[in-house]
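I opened this notebook to record what I looked up in the structure, entry by entry. The sequence and the model come first, and my notes follow.

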Amino acid sequence: MTHAVTDQPEPRRRPRRLRWWILAVLGVLVVLVVVGLYLAYLAFSAKGSLESARGHASSAQRAFLAGDTDKAVREANAAVVQAEAANGDTHNPVWSAVAVLPWLGDPLQSVRDLTESVEGLSTDVLVPTAELADVINPNSLRTEDNTINTVALAQAQPELGKIATRAEELEADVAATDGSWLGVVSDAQAELHDQLTESARFIRGTDTAAQLLPPMLGAGGERNYFFGFQTPAESRATGGLLGAYGVVSAENGRVNVDNLGANNTIRPPADPVDLGEEFDFNYGYNRPYTDVRNSNISAHFPYAAQIWMSMWEQQSGTRLDGAVAMDPVALSYLLKATGPVKLASGETITGDNVTEITLSTSYKQFGGDNPARKAYLQEIARKAVSSLTALRGNTGKVLEALGRGVHERRIMVYSADEGEQKLLAAAGLTHEVAETDAPYAEVVVGNLAGNKIDYFLKRSITYRADKCDGDRRKAVVEVELTNTVEDMSLPPYVIGSLGNPQLQLPNGTNFASVTLYATSGANLESVTVDGDPMLYSSGTERGHPFVTGQVKIPAGNTVVLKYELDEPASSGTPQVPVQPLVDEPQITVDVPACKE
């Protein structure tokens with residue numbers, strides 16, 4: 001007898017396994033949400049602390065410059081507290097675990113690196129700087145008898161040097177930090193880098209001042225410097241024609257100005273300085289060693305400084321230790337900081353009117369009475385420089401004015417001491433034709449008519465180059481020069497060609513030489529003026545090929561010079577030094593920086 005076999009149903013296990021999978025996924029999601037929320041909390045907290053730390057850091061630096069020592073110390077310490085809080089958030093175990101994940105964790109790692117740099121800025125730079133605040137406080141540098149406290153600066157220098165080096169290391173760390181794919185983090189990286197760059201420059205500048213000021217202001221004995229007052233209404237390569245001049249003496253931090261005079265009282269030296277074969281080949285026919293009017297025909301200021309020193313040393317018998325140059329625009333910045341000066345006639349010279357008076361209206365005021373005009377300008381120079389050497393006004397504002405003048409190449413300094421000159425060059429005070437392989441375009445205008453028409457000159461300079469696809473690339477430099485003269489009633493001394501009468505130019509015509517210093521190794525392919533080929537001469541100075549041609553710019557007109565070049569696809573930041581004339585030229589640079 002057989003029995004039917006019935007199928008027994010299988011137990012329902014799949015739904016149970018599915019439930020476990022769902023629960024597991026939900027659990028993971030919950031964990032991820034919790035971790036995400038916690039990371040968001042940490043990120044929000046770190047962001048607030050980081051921004052607060054950077055704010056306190058900026059406030060501390062402003063307090064240093066303003067001479068508010070107590071506030072500088074408070075803000076530096078507050079920056080430390082906030083930086084430590086941000087660093088603690090970004091070193092949390094959860095943050096650390098996620099930061100190691102490929103791609104996803106990149107922003108977290110970047111933020112961690114940034115917080116470490118901010119903590120370094122606060123702890124290793126701001127706090128020790130605050131401890132030196134009484135020494136580097138601009139107001140503390142000035143003593144009651146109007147001298148500079150060079151002893152305190154010299155004592156603080158070794159520590160300042162260490163702080164500056166640490167600030168530069170932190171700047172390099174932030175520059176190397178990956179901004180990651182997250183825009184907010186990338187923006188934060190860029191902003192922090194800008195802040196660290198500013199801080200590093202400030203501290204290094206203070207360190208450089210602590211190295212230079214004591215010896216240059218006579219801590220080891222009296223120093224004497226030629227002081228040249230350049231007149232950019234008649235352009236020369238370093239800015240303007242040497243007008244008034246003087247001798248600045250310094251001893252134990254006290255500065256005096258002596259022997260102020262006009263350029264026509266400087267006699268040709270019997271035994272001129274020798275600046276070498278290259279200089280002689282380029283400029284010898286202009287007699288720069290003996291004719292003071294052409295003494296600054298090269299854009300390399302140390303050449304002009306040495307020529308001026310040679311002239312005065314042989315004329316006076318006084319040994320000089322260096323030279324300083326300044327123009328009326330820089331003087332206007334300083335007068336705004338030191339306050340106006342009053343002339344014997346009762347006229348008040350201010351930061352707002354000194355440029356126009358010295359470079360324009362004085363020529364019309366005195367007409368053809370050149371000696372009277374020069375005496376008038378000498379009095380202005382004497383009173384203005386005396387107010388500076390007497391340390392009038394807010395010291396911090398004076399330092400800011402000096403800094404602006406240096407940045408715009410309107411204040412130049414040269415030292416005969418080789419070590420001091422290297423420090424001055426590193427600080428950007430010497431205004432050299434830089435010996436560099438980086439992309440380079442320096443345009444220099446020189447007045448050929450012997451008038452003062454460059455007060456009305458406006459410039460625009462554009463430097464473009466192709467991408468870095470090979471060893472060399474094409475480059476173009478375009479220079480627009482506009483002659484804005486409108487008033488034809490101005491004296492011939494201003495808009496005529498009395499200084500070069502054989503030219504027989506119509507009044508109001510700007511006649512100038514224009515020189516381009518190009519990238520080292522560049523070849524000129526063509527140069528045109530308003531589309532027509534220009535006759536030019538060429539040479540080499542300090543490793544840079546240069547091209548010089550002459551242009552005439554009628555009143556109210558613009559000429560366009562175009563230089564087409566084949567240049568090395570060189571690394572480094574493109575450099576476009578600006579000749580310090582009256583205008584503020586428009587500079588456009590579109591030059592990719594190639595990798596080494």
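**Entry 1. A salt bridge within one helix.** I began with K383, which is partly exposed because its relative accessibility is 31%. The model is a predicted one, and I read every value below with that in mind. I found that K383 forms a salt bridge with E379, with the closest N and O atoms 3.5 Å apart. Both residues lie in helix α13 (residues 370–389), four residues apart, or about one turn of the helix. I noted the general rule that an α-helix has 3.6 residues a turn, so residues three or four places apart point the same way. E379 has a relative accessible area of 19%, so I entered this residue as buried; the cut-off for that class is under 20%.

**Entry 2. Salt bridges elsewhere.** I searched the whole structure and obtained 27 salt bridges. One of them joins R166 to D124, the closest N and O atoms being 2.9 Å apart. This pair links distant parts of the chain, as R166 belongs to helix α7 and D124 to helix α4, 42 residues apart. I then checked exposure: R166 counts as partly exposed because its relative accessibility is 24%, and D124 is likewise partly exposed, with a relative accessible area of 30%. I also recorded the bridge between E564 and K562, where the closest N and O atoms are 3.7 Å apart. E564 is partly exposed at 31% relative accessibility, and K562 is partly exposed at 29%. Finally, I listed D327, R404, E408 and R410 as linked in a network of salt bridges.

**Entry 3. The chain as a whole.** I counted 16 helices and 17 strands in the secondary structure. The chain has 596 residues, and 51% of them are buried. Its accessible surface comes to about 28,200 Å², and carbon and sulfur atoms account for 53% of that area. Of the contacts with a separation of 6 or more, 72% are between residues 24 or more positions apart.

**Entry 4. Nonpolar cores.** Which residues touch the most other members of the largest nonpolar core? I found F64, L121, V125 and L126, in a core of 37 residues. The elements giving two or more residues to this core are α1 (14–66), α2 (69–90), α4 (106–131), α5 (133–136), α7 (150–176) and α8 (183–216). The largest share, eight residues, comes from α7. I followed L126 further: leaving aside neighbours within four places in sequence, L126 is in contact with A57, F64, A76, A79 and L121. There is also a second, separate core of 36 residues, which includes L217, F227, A330 and L424. I set beside this the general remark that nonpolar side chains tend to be buried together in soluble globular proteins.

**Entry 5. Helix α2.** I examined α2, which has 22 residues and spans 32 Å from its first C-alpha to its last, close to the 32 Å expected at 1.5 Å a residue. Its buried residues include A76 and A79, and also polar or charged names such as T69, E75, N87 and D89.

**Entry 6. A nonpolar patch at the surface.** I noted that V100, L101, W103 and L104 make a nonpolar surface patch of about 440 Å². W103 is in the loop between α3 (93–99) and α4. Is W103 buried or exposed? It counts as exposed, because its relative accessibility is 55%.

**Entry 7. Positive phi angles.** I looked up two arginines with positive phi. R409 is not a glycine, yet its phi is about 65 degrees. R409 sits in the loop between α14 (395–407) and β7 (411–415), and is buried with a relative accessible area of 13%. R542, also not a glycine, has a phi of about 50 degrees. R542 is placed in the loop between β14 (536–541) and β15 (544–553), and counts as buried at 17% relative accessibility.

**Entry 8. Two further residues.** S249 is in strand β2 (residues 239–251) and counts as buried, with 7% relative accessibility. Not counting residues up to four places away in sequence, I found S249 touching E222, R223, N224, R254, V255, N256 and D258. Q109, in helix α4, is partly exposed at 28% relative accessibility. The C-alpha atoms of Q109 and T177 are 9.3 Å apart, although 68 residues separate the two along the chain.

Methods: Residues numbered from 1 in each chain as written. Predicted model: local features only at pLDDT ≥ 70, side-chain atom pairs only at ≥ 80, totals over all residues. Heavy atoms only, no water. Core = buried A, V, L, I, M, F, W, Y, C linked by side-chain atoms within 4.5 Å. Buried < 20%, exposed > 50% of the residue type's maximum accessible area, 1.4 Å probe, protein only. Contact = heavy atoms within 4.5 Å. Patch = residues over 30% accessible without salt bridge, like charges linked within 9 Å, V, L, I, M, F, W, Y side chains within 5 Å. Areas by Shrake-Rupley, 256 points an atom, 1.4 Å probe, with all protein chains shown as cover. Salt bridge = Lys/Arg side-chain N within 4 Å of Asp/Glu carboxyl O. Expected span 1.5 Å × (residues − 1).
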